[in-house]
Amino acid sequence: MNDRPSQPQPTRRSVLALIALTPVAGALAACATGGTRKSPAPAATPTGAAAAGNPFGVAVDAPVEVVVFDGGYGQAYIKLPVELYGRKHPKARVTQTATQQIQQSLQPRFVAGNPPDVVNNSGSNAIDYGALVKDGALLPLQPLLGAPSWNDPATTVGDSLRPGVVEVGTHGGQFTVLNYSYGAYGAWYSASLFEEKGWTYPQTWDAYLGLCDKMATAGIAPWTYPGQFPYYMFWWLASMIYKVGGKEVIDKINNLGKDAWTDERAVAALRAFEAIPANGWVLKGSSGLNHTDAQMQFLLGKAGFVPGGSWLEKEMGDSVPAGFDMSICRVPSITAADDRPFGALCAKAGEPYIVPRAAKNTAGGLEFLRAMLSDDSAANFIAEAGTLSSNRRAKLPADAKHGLVSINAALAEAGDNVFGVTLDTRDSRLWGDIAKVMGRFMNGDVKADQLAKEAQRLTDAARG
């Protein structure tokens, strides 16, 4: 559900963050709001009559409290929506604070029935979402979707959202979590290297294998990956599965389906990629690399492709050579019967925001989220955080880096042909266990059919 930017850069280590939850946090999460109320009634919310420009009927002088996670995105991006809210409701005081200890500082307030009006429930110390949903502690956000957008009253907030934002934030049949950032996942290549070598990024898998052969002949290993964190391969392999099998197969994987991995379409995608390790097209020593080591080998031109997400370019900072032109890989067509067209992408919203049901000013909470989703706030977020916003209309800054520009263009081309891997937040242990098998697959120790069978065995065991 969220991309966990508590680590040095967003999205990268959500699995490790989840696995590393402390015993105390795990115990607290079992009862997010004290367990005494399954469906708490909303608090008496100061509201006025809904009107043009004030769709939720925010009372003119009702204060709003916003708590933001102090992680990889920082706090600068939240200043503009605070300012926009103040301009529209000048008599209302907006109080914004930040912490890395979301659960420790806010869970007692949920229990006491006086939570903030808006919470950025993110990071490794986030309050457990399963418990929040079970306790009925989250305000449904459907009214936000139907409200007029901040910049254009003729369109709704929902119209401005990228694909999958509502889906990933829906729990128990209700949209309760607004994920504010938006990232792409998969693999990367250097457009400038391709131009130098006279290579064209292929649109078919046969042509892709032909390109890998050219890379190897030129002394460049087609692939490297962080063997210490093999879950990086999950996004690219899942992208290939989505390409062949579409949403149906990905849904089975995300929902621990009985034949998720052994579905013939999933196996066909894995068999296609098996040619990479089988041909020795993985950089020697990759199994011992961490994420930055693998990315550095890519930046040094030792490998043509490396797995990763939107964070990679910013994470590597000054290590990225001038003119490297890092670009996101689009998924080539693998079979003649592929369910999705060339360009289908793995992409998902992250950085979750909620409005607690028991907040004093839920109307103000909804209004603040509406301000956050304004075109101006979303564009400011992109400029400050270096990643896309869930608002599809937000413009990139003039100095946006090549990787971000490539992601934006790839998403525009993909349209609705995007999907998200949610298994990491549904069952982080299963995600990690399957990733370990993927690492053995990359090393050539496990074949595609074995990977599919083992991933299914692990899935069946986790499902119980």
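In this predicted model, helices α11 and α20 lie oblique to each other, because their packing angle of about 135 degrees falls neither over 145, where helices count as roughly antiparallel, nor between 65 and 115, where they count as roughly perpendicular. Helix α11 covers residues 264–273, and helix α20 covers residues 448–463. Their axes are 8 Å apart. The crossing of α11 past α20 is right-handed. From α11, the contact involves Val267, Leu270 and Arg271. Their counterparts in α20 are Ala448, Asp449, Leu451 and Ala452. Five residues of this contact are nonpolar, two are charged and none is polar.

A second helix pair is formed by α3 (residues 79–88) and α15 (residues 362–372). Here the axes come within 9 Å and cross at roughly 120 degrees. Helix α3 is therefore oblique to α15. Helix α3 also passes α15 in a right-handed crossing. On the α3 side, the contact is made by Pro81, Val82, Leu84, Tyr85 and Lys88. On the α15 side, Gly364, Glu367, Phe368, Arg370, Ala371 and Met372 take part. The residues of this contact comprise seven nonpolar, one polar and three charged.

Attention now turns to strand β6. This strand spans residues 178–190. Of its 13 residues, 13 are buried, each with under 20% relative accessible area, so β6 is largely enclosed by the rest of the structure. In a regular strand, side chains alternate between the two faces of the sheet.

Strand β6 pairs with β8, β9, β10 and β11, in each case in the antiparallel sense. Seven bridges link β6 to β10, which holds residues 345–353. Within this pairing, Gly183 stands opposite Lys348. Strand β8 (residues 303–309) is joined to β6 by four bridges. There, Ala187 faces Pro307 as its opposite residue. Three bridges connect β6 with β9, a strand of residues 326–328. Tyr189 has Ser327 of β9 as its bridge partner. Two bridges tie β6 to β11, which consists of residues 388–389. In that pairing, Ser181 stands opposite Ser389.

Note on methods: Residues are numbered from 1 along each chain as its sequence is written. This is a predicted model: local features need pLDDT of at least 70, side-chain atom pairs count only at pLDDT 80 or more; totals for chains, interfaces and linings use all residues. Side-chain values use heavy atoms; hydrogens and water are left out. Axes are lines fitted to C-alpha atoms, for helices over the stretch in contact, and angles run from 0 to 180 degrees between N-to-C directions. Angles under 35 degrees count as roughly parallel, over 145 as roughly antiparallel, 65 to 115 as roughly perpendicular and the rest as oblique. A crossing is left-handed if the near helix is turned anticlockwise from the far one by less than a right angle, and right-handed if clockwise. Contact means heavy atoms within 4.5 Å. Ala, Val, Leu, Ile, Met, Phe, Trp, Tyr, Cys and Pro count as nonpolar, Asp, Glu, Lys and Arg as charged, and the others, Gly among them, as polar. Buried means under 20% relative accessible area, exposed over 50%, partly exposed in between (1.4 Å probe, protein chains only). Two strands pair if DSSP finds at least two bridges between them.
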